[in-house]
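Here is a quick tour of a model for the bench. Have a look at the chains first, and then read on.

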Protein chains: 2
Amino acid sequence: MKLVFATHNTNKFIEVKAMLPKHIELLSLTDIGCKEDIPETAKTIEGNAILKANYVRENYNLNCFADDTGLEVKALNNEPGVYSARYAGNSNDSSANIKKLLKNLEDFNDRSARFKTAIALNLEQEDTMFLGICEGVIVKELRGESGFGYDPIFQPAGFNKTFAEMTLQQKSEIGHRGKAMRQLIDYLSK
Amino acid sequence: MKLVFATHNTNKFIEVKAMLPKHIELLSLTDIGCKEDIPETAKTIEGNAILKANYVRENYNLNCFADDTGLEVKALNNEPGVYSARYAGNSNDSSANIKKLLKNLEDFNDRSARFKTAIALNLEQEDTMFLGICEGVIVKELRGESGFGYDPIFQPAGFNKTFAEMTLQQKSEIGHRGKAMRQLIDYLSK
C-alpha cells in the first residue's frame with residue numbers, strides 16, 4: 001500500500017519509514033511532486049493535522065497521514081497550542097518563543113503544561129486520528145542543549161530533566177510524538 | 001450557523017443544545033430527515049466519530065459534529081475500545097459486557113483503564129477533533145446504580161466512587177464526555 005507522510009522534514013520521514021511494516025510504501029511530499037508547504041491555517045493542532053492530510057487526498061488522491069504538534073500551558077488557557085512555532089511572531093524563533101512564554105507565565109504558580117502531537121490518517125476505507133500527550137511542567141530557566149523548540153523549558157512529569165537534557169531515545173520513549181507515532185504504527189501493522 | 005449533532009439520542013441532544021452559544025442553531029439527525037443509524041464500522045473511537053460527521057457532510061452537505069466513546073483497558077491492549085458497546089456480542093448488553101471484562105482482567109494486577117470520548121467536528125472552513133479522557137481503574141465488583149455501560153466498574157483516578165455511584169453532575173464535571181464537550185463548546189463560542 002502506498003502511503004504519504006505529509007512532511008518536508010527528511011529526518012522525521014526516515015525515522016518513521018524505518019518503523020513501518022514492510023507492506024507500506026512510504027512516500028514523502030517530495031516523492032509525490034508536492035513542493036509547496038501546505039498552509040497550516042487551522043485553529044487547533046488536530047485541525048492542522050487533518051487539513052494537511054486532506055490536502056494530499058484532495059490534490060493527489062493518495063492515502064496520507066500528517067502530524068502537528070503544540071505545547072498547551074494550562075494557566076495560559078492552553079496557549080500557545082496551535083501557535084507554538086510562531087508564538088512570538090512568524091519566524092519560528094525558539095528563543096523568542098521561550099522568552100515570551102516564560103514572561104507570560106511568571107505570575108502563575110500553576111506551571112503545568114502538556115505537549116500534544118496529533119496525527120491524522122486518511123485511508124481509502126477509514127479516516128482516523130491518533131493523539132500523543134506528554135504531561136509536564138514549564139521550568140523557570142532553560143536547561144539542556146538537545147532537541148528544539150520549547151524542549152529546554154519542558155520537564156515531563158516524573159522526571160527531573162527537561163526534554164533538552166534527555167537523549168533523543170529517552171525523549172522518544174516518553175514523549176508526545178513517540179506516543180502518537182507508536183499508535184499509528186500499531187494501527188498500520190494490524 | 002446551522003450545525004448538526006449526529007445523534008439519535010434525545011437526552012444527549014437536549015443537554016448539548018442547552019450549552020451551546022445562541023448563534024448556533026443545533027439540528028438533530030431527525031431534524032434533517034436522517035432516520036437510519038449511521039453505521040459505526042471504523043476500527044477506532046476517533047474513526048467512528050469522523051465517519052459519522054463525514055456521513056452527514058456527504059449526504060446532507062451540512063456542518064456537523066459526531067461523538068463516539070469507548071473504554072480502553074491497559075492490560076487488555078486497550079480493549080474493548082471501539083467495541084465497548086458490543087464487547088460480549090452485538091446486543092449492547094452492559095451486564096454481559098461487564099462480566100466479560102471482569103473475567104478477562106482477573107489475572108492482571110494492573111487494572112488501569114481510561115474512558116475516551118472523541119468528537120469530530122466538520123465546519124465549512126475547518127475540520128477538527130476534540131478528545132476527552134478520564135483515567136481510572138476497573139474495580140473488582142459492581143458498585144452503584146447510576147449511569148450506564150461500564151459505569152459500575154469504572155472508578156476515576158482520585159475518587160473512591162465509581163461513575164455509577166456519582167450524580168450525573170459529578171460525572172459530567174470529571175468525565176470524558178464532559179471534557180470533550182466543553183472543548184467543543186469553547187471552540188464554537190470563539
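What follows covers confidence, how the two copies sit together, and one pocket.

This is a predicted model, in which local features need pLDDT of at least 70, side-chain atom pairs count only at pLDDT 80 or more, and totals for chains, interfaces and linings use all residues. Residues are numbered from 1 along each chain as its sequence is written, chains are lettered from A and ligands numbered from 1 in the order written, and side-chain values use heavy atoms, without hydrogens and water.

The model scores ipTM 0.75 and pTM 0.85. Chain A averages a pLDDT of 93 (the predictor's confidence in each residue, from 0 to 100), and 100% of its residues score at least 70. The table gives the two extremes among the elements of chain A; helices (H or I, at least four residues) and strands (E, at least two) are DSSP runs, numbered from the N terminus.

| Element of chain A | Residues | Mean pLDDT |
|---|---|---|
| helix α1 | residues 10-19 | 84 (lowest) |
| strand β7 | residues 154-156 | 98 (highest) |

How does chain A map onto chain B? A rotation of 180 degrees with 0.0 Å of shift along its axis does it, at RMSD 0.0 Å (least squares on the C-alpha atoms of residues with pLDDT of at least 70 in both). The two copies are therefore related as by a two-fold rotation axis. Both use the same surface, as 100% of the contact residues of chain A (heavy atoms within 4.5 Å) recur in chain B.

Finally, the elements giving two or more residues to the lining of the second largest pocket include α1 (10-19) and α5 (176-189) of chain B.
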